[in-house]
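Hi,

Here is the structure I promised to pass on. Have a look at it first, and my notes on what turned up are underneath.

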Amino acid sequence: MTLLEAVLLGAIQGIFMFVPVSSTSHLALSQHWLIERGSLLPPPDSPELILFDLVVHVGTMVSVAVVFRASLGRLLRGAWADLVDRAAHGRDRNGRYLRLIAMGALATLTTGVLGLLIQAVGTAVFATPMIIAALLTITGAVLFWTDRAGPRWRGLDGITPTFAVAVGAVQGLALLPGLSRSGLTIAMALALGLHRRWSAEFSFFIAIPTILGGSVLQAALVASDGEPLLIEPLAFASGFVVAAVVGIVALVVVLRLLYRARFRYFSYYVWALALAVALGVIAPV
């Protein structure tokens, strides 16, 4: 992998991790495109390229931490205060922050269980052009609907176990090619009445443990493979940094469009992509 290729793939991950149009498929498509044009990249399913994908995914988690640093700090400080209050008095005032962390954990657990079930079936079952085109079309419709969602009534205290399970379930479904993780989770939160701001924050907060957990699991599988890694450390570092920096910009733009009910712009892109896949202009991977 050249330094330029590492920068390009890092930028693609940084953009499409947050733009609700399925980042994994865009990253794989880009890798195949480079290989078809003479790049010496290893196959996308090789241990070293899987590890590179994990590294740039973790880079985008840095983007989440930077953009939501105030909210994350407030959550962690509040959870610590709840713990101190409980230790001192055997209770807490309302336990809001500890409960929010618990709801995030429940959503992540739901994602993990559903994800294991989907992987047991095999996502390749769904990797046919017409199915991918259909799922992309559904993603576009979901994104278009988010602009039509009226005023939401549910606040942070309204994030219940049922709510967490529902959002975690659609995050698990996003393993299917053509479905957007961020688009589905934000839309589900909105459909259940959560305010736009909290919908976005909850969606990206639960992405942190989900992606980190998946990355640790995949890294363990790569390590157990025992194959030597051919990608240079500088390429890993460059991809990580570019994904993090580009991801910050992309996330800020996505949040502004969400808050202003402009997700339909992404719908048009997803529908065009669905048509291209259905007609064979773009081959799914």
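The protein chain in this predicted model has 11 helices and 0 strands. Reading from the N terminus, the order of elements is simply α-α-α-α-α-α-α-α-α-α-α. Of its 285 residues, 48% count as buried. The accessible surface comes to about 13600 Å², and carbon and sulfur atoms make up 71% of that. As for contacts with a separation of 6 or more, 77% of them join residues 24 or more positions apart.

A word on confidence before the details. The average pLDDT over the protein chain is 83, and 89% of the residues score at least 70. Confidence is lowest in helix 2 (residues 23-36), with a mean of 77, and highest in helix 7, with 93.

Helix 5 against helix 7

Two packed helices are described by the angle between their axes and the distance between the axes. For helix 5 (residues 96-121) and helix 7 (residues 161-173), the axes come within 7 Å and cross at roughly 35°. The crossing of this pair is right-handed. On the helix 5 side, the residues involved are Met103, Leu106, Ala107, Thr110, Thr111, Leu114 and Ile118, and they meet Pro161, Ala164, Val165, Gly168, Ala169, Gln171, Gly172 and Leu173 of helix 7. What kinds of residues make up this contact of helix 5 with helix 7? They divide into 10 nonpolar and 5 polar, with no charged residues.

Glutamine 171 deserves its own look. This residue lies in helix 7, and its relative accessibility is 4%, so glutamine 171 counts as buried. Setting aside residues up to four places away in sequence, glutamine 171 touches Thr111, Arg181, Thr185, Ile206, Ala207 and Thr210. Its C-alpha atom is separated by 8.9 Å from that of leucine 114, although the two are 57 residues apart along the chain.

Helix 8 and what follows

Helix 8 (residues 181-191) is mostly covered, with 9 of its 11 residues buried. The buried ones are Arg181, Ser182, Gly183, Leu184, Thr185, Ile186, Ala187, Ala189 and Leu190. Arg181 and Thr185 also appear among the residues that glutamine 171 touches. Just after helix 8, glycine 193 takes a positive phi of about 95°.

Ile186 comes up again with alanine 200, which it contacts along with Leu255, Leu258 and Tyr259, leaving aside neighbours of alanine 200 within four places in sequence. Alanine 200 lies in helix 9 (residues 196-225). Is alanine 200 buried or exposed? Its relative accessibility is 0%, so alanine 200 counts as buried. The C-alpha atoms of alanine 200 and serine 182 are separated by 8.2 Å, with their positions 18 residues apart along the chain.

Other positions to click on

- Threonine 60 lies in helix 3 (residues 47-67). With a relative accessible area of 0%, threonine 60 is buried. Apart from residues up to four places away in sequence, threonine 60 touches Gln13, Gly14, Met17, Phe18 and Ala243.

- Alanine 235 lies in helix 10 (residues 233-259). Here the relative accessible area is 4%, so alanine 235 is buried. Which residues is alanine 235 in contact with, leaving aside its neighbours within four places in sequence? They are Met1, Ala6 and Phe52. The C-alpha atoms of alanine 235 and threonine 2 are separated by 7.0 Å, with the two residues 233 apart along the chain.

- Leucine 156 lies in a loop, the one between helix 6 (129-148) and helix 7. Why is leucine 156 counted as partly exposed? Its relative accessibility is 21%, and buried would mean under 20%. Leaving aside neighbours within four places in sequence, leucine 156 is in contact with Arg99, Leu100 and Trp198. The C-alpha atoms of leucine 156 and tyrosine 97 are 59 residues apart along the chain and separated by 9.5 Å.

If you only have a minute, I'd start with the pair formed by helix 5 and helix 7, whose contact holds no charged residues, and then turn to helix 8, where 9 of 11 residues are buried.

Cheers

Key
Residues are numbered from 1 along each chain as its sequence is written. This is a predicted model: local features need pLDDT of at least 70, side-chain atom pairs count only at pLDDT 80 or more; totals for chains, interfaces and linings use all residues. Side-chain values use heavy atoms; hydrogens and water are left out. Axes are lines fitted to C-alpha atoms, for helices over the stretch in contact, and angles run from 0 to 180 degrees between N-to-C directions. Helices (H or I, at least four residues) and strands (E, at least two) are DSSP runs, numbered from the N terminus. A crossing is left-handed if the near helix is turned anticlockwise from the far one by less than a right angle, and right-handed if clockwise. Contact means heavy atoms within 4.5 Å. Ala, Val, Leu, Ile, Met, Phe, Trp, Tyr, Cys and Pro count as nonpolar, Asp, Glu, Lys and Arg as charged, and the others, Gly among them, as polar. pLDDT is the predictor's confidence in each residue, from 0 to 100. Buried means under 20% relative accessible area, exposed over 50%, partly exposed in between (1.4 Å probe, protein chains only). Accessible areas come from the Shrake-Rupley method with a 1.4 Å probe; for residues, only the protein chains shown count as cover.
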